[in-house]
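Let's walk through this structure together, starting with its rings and ending at its metal site. Keep the model open beside the text as you read.

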Amino acid sequence: MTDGVVPDGVTVFDDAIPAVANLDPGLLKALHQAARAAAPDGVEFYVNSGWRSPEYQDQLLQEAVSKYGSEDEAARWVATAATSPHVSGDAVDIGHSDATTWLSEHGAEYGLCQIYRNEPWHYELRADASDRGCPRMYADPTQDPRMQK
Ligand SMILES: [Zn+2]
């Protein structure tokens, strides 16, 4: 688990798990605040993926190339270790669907924004979202200028 693999049932409060503990502190704080606000609605924020080691990211990319049949198609879903915001600790993939639904309605108040239209589970911190709302989403990661390295 040191490389960022997440066991089942991990929440944003499980900071003994490296995938959670190695997230950017600002992102983790926002996730905690949002999760506490959602708790009275019976919503828990599970972490399907958080921080990832470069090796783990490479492994996921290779698996995606096998699954989707080409590097171009895989790039719509999985970034390289050099570009993935998961490797830098700046992104989290949240489950279950009640949590992503809650975040789609309330996340911006906490600076938590969905970044890609094709990944409703992938959230990053955009600190000024509480004032200005979240930035317009990219259709998928290939549209994200950060991926053009
Ligand atoms: Zn993600």
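How many aromatic pairs does the structure hold? There are four aromatic pairs, where rings of Phe, Tyr and Trp (its six-membered ring) pair if their centres lie within 6.5 Å, and planes under 30 degrees apart count as stacked, over 60 as edge-to-face and the rest as tilted. Before we look at them, note that this is a predicted model, in which local features need pLDDT of at least 70 and side-chain atom pairs count only at pLDDT 80 or more, while totals for chains, interfaces and linings use all residues. Residues are numbered from 1 along each chain as its sequence is written, and side-chain values use heavy atoms, with hydrogens and water left out.

One of the pairs joins Tyr-68 and Trp-77, which are stacked, at 6.1 Å centre to centre and 10° between the planes. Tyr-68 is partly exposed at 30% relative accessibility, and Trp-77 is partly exposed at 27% (buried means under 20% relative accessible area, exposed over 50%, partly exposed in between, with a 1.4 Å probe and protein chains only). Another pair, Trp-102 with Tyr-110, is tilted: the centres are 6.0 Å apart, with 35° between the planes. Here Trp-102 is buried, with a relative accessible area of 7%, whereas Tyr-110 is partly exposed at 22%. Phe-45 joins Trp-102 and Tyr-110 in one aromatic cluster.

Phe-45 also leads us to the core. The largest nonpolar core (buried Ala, Val, Leu, Ile, Met, Phe, Trp, Tyr and Cys residues joined through side-chain atoms within 4.5 Å) has 25 residues, and those with the most contacts inside it are Leu-31, Phe-45, Ile-94, Leu-103 and Leu-112. Two or more residues each come from α1 (18-21), α2 (25-38), β2 (91-95) and α5 (97-106); helices (H or I, at least four residues) and strands (E, at least two) are DSSP runs, numbered from the N terminus. α2 gives the most, with seven residues. Apart from this core lies another, of seven residues, among them Leu-61, Val-65, Ala-74 and Val-78.

Which side of α5 faces inward? Its buried residues are Ala-99, Thr-100, Trp-102 and Leu-103. Because they cover an arc of only 155° around the axis, they lie on the same side of α5 (the arc is that of the directions from the helix axis to the C-beta atoms). On the other side, Ser-97, Ser-104 and Glu-105 are exposed. The cover over the buried residues of α5 includes α2, β2, β3 (112-114) and β4 (122-125).

Now turn to α3 (residues 54-68). At 1.5 Å a residue, its 15 residues should span 21 Å (1.5 Å times one less than the number of residues), and its end C-alpha atoms are 21 Å apart, which agrees. In α3, Tyr-56, Gln-57, Leu-60, Leu-61, Ala-64 and Val-65 are buried, and the buried residues of α3 pack against α4 (71-74). After α3 comes Gly-69, whose phi is positive, near 90°.

Finally, the zinc ion. His-86 (NE2), Asp-93 (OD) and His-122 (ND1) coordinate the ion at 2.0 to 2.1 Å; donors are N, O and S atoms within 2.8 Å of the metal (3.2 Å for Na, K and Ca), and water is not among the atoms, so sites may look incomplete. Asp-93 lies in strand β2 and His-122 in strand β4, so the pair ties together parts that are 29 residues apart in sequence. Both Asp-93 and His-122 are buried.

Methods
Contact = heavy atoms within 4.5 Å.
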